[in-house]
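Trainee: Please take a close look at a single part of this structure and tell me how that part sits within its chain.

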Amino acid sequence: MLLAEVVGSTAAIGYGLAAIGPGIGVGLIFAAYIQSTARQPESARITQPFMWIGFAVVEVLALLAIAFGFIWQGTLS
Amino acid sequence: MTGQTIVLAAETPFPPTVEDFYLPSLFTGGGVWFTKITLLLWLSVAILIVYFLVSYRNPQLVPTKRQWLAESIYGFVRNNIAVDMIGKEGVRFAPYLTTLFSFIFLMNLWSIVPFAQVSPNAHIAFPIVLALISYVLFIYLGFKKHGRGYLKFALVPPAPWFILPILVPIEFFSNFVVRPFSLAVRLFANMFAGHMLLLVFTLGGFAMIQSNLLLAPISVLSWLMTIALTFLDFAVIALQAYVFTVLTASYIQGSLAEGH
């Protein structure tokens, strides 16, 4: 007996859930960079490459979700 | 996506799908492989080769503007990427990294150039090849430096013996599987998603007008959003070229490092 029926693409729901993690992650990276630069401005140039590397590595999870959303298209019911 | 309806209102196919990335052949007799993507790829290679050759034709001690620009590109990659990441030995890899950086940047740039509007890197074949080259490079360097001990160096971190059974598979997966895969997918997905976003807002504007003329102001908003996203796309283009090169340099540094 069906209590509630949801039709449509679960890939959309999946991507919405998958975007939470990288969103928080990217926020943490930039928060760390801003804080460390506020405490010690001379370190800004040194830590900047690590900021970009970290951002790209975290972002790749969100982008994998975009790509896999098309590969794993599924529908409920 | 059987749950979605595709609005075919007088030839504005909305929403855009993956099929929009399979472009038609450019010339009727050209064969199915000669699409806009192929043309852009050839253009990128030609522009790069010609630009760097011409810029260094008569090198002066006091550089001309064109020579200065080409030297700045090489200097940026050599100083801020190769030497910063790898150390003094980085100068040996600076030519490869400069080529990688400028090639990826130029290939990505087609994504926002009018009439081109799609980056060849939105087809995963090209990022795969670039990632494979970097992959083979850092593995070859590891074997050349450490000999057969490279596998022990790469897979066995300094850790107590009883967690090594968990750590070694993780290290193997992380070093030899995830690295090339993520290099390729990062570049591909950024270009793919950027192009999709621009498609959504552009085609959405047209689809809205075609369905109801009163929606015209919203369509203009949609197109303004496209312009804003184009600027964002430019930032992503530069960033992805930089990140690919920096990560390659970092993997090379990891292979060339001394033992733990």
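Mentor: Buried residues account for 30% of the 260 residues in chain B, and the model is a predicted one. Seven helices and two strands make up the secondary structure of chain B. Read from the N terminus, the order of elements in chain B is β-β-α-α-α-α-α-α-α. Taken along the principal axes, the box filled by the C-alpha atoms of chain B is roughly 70 × 60 × 40 Å. Of the contacts in chain B with a separation of 6 or more, 63% join residues 24 or more positions apart.

The part to look at is helix H6, which covers residues 164–211 of chain B. Its partner here is helix H7 of chain B, residues 216–256. The axes of H6(B) and H7(B) lie 9 Å apart, and the two helices pack at an angle of about 170°. Angles over 145 degrees count as roughly antiparallel, so H6(B) is roughly antiparallel to H7(B). Sorted by class, the residues in the contact of H6(B) with H7(B) are 16 nonpolar, 10 polar and two charged.

One residue of H6(B) can be followed further: Leu197(B) belongs to this helix. Is Leu197(B) buried or exposed? Neither label applies, because Leu197(B) has 18 C-beta neighbours inside 10 Å and therefore counts as partly exposed; a residue is buried if 20 or more lie within that distance. Along the chain, Leu197(B) and Val77(B) are 120 residues apart. In space, 30 Å separates the C-alpha atom of Leu197(B) from that of Val77(B).

Technical notes
Residues numbered from 1 in each chain as written. Chains lettered and ligands numbered in written order. Predicted model: local features only at pLDDT ≥ 70, side-chain atom pairs only at ≥ 80, totals over all residues. Helix = DSSP H or I, 4+ residues; strand = E, 2+ residues; numbered from the N terminus. Buried ≥ 20, exposed ≤ 12 C-beta atoms within 10 Å, placed from the backbone. Contact = placed C-beta atoms within 7 Å. Axes fitted to C-alpha atoms, helices over the stretch in contact; angles between N-to-C directions. Parallel < 35°, antiparallel > 145°, perpendicular 65-115°, else oblique. Nonpolar A, V, L, I, M, F, W, Y, C, P; charged D, E, K, R; others polar.
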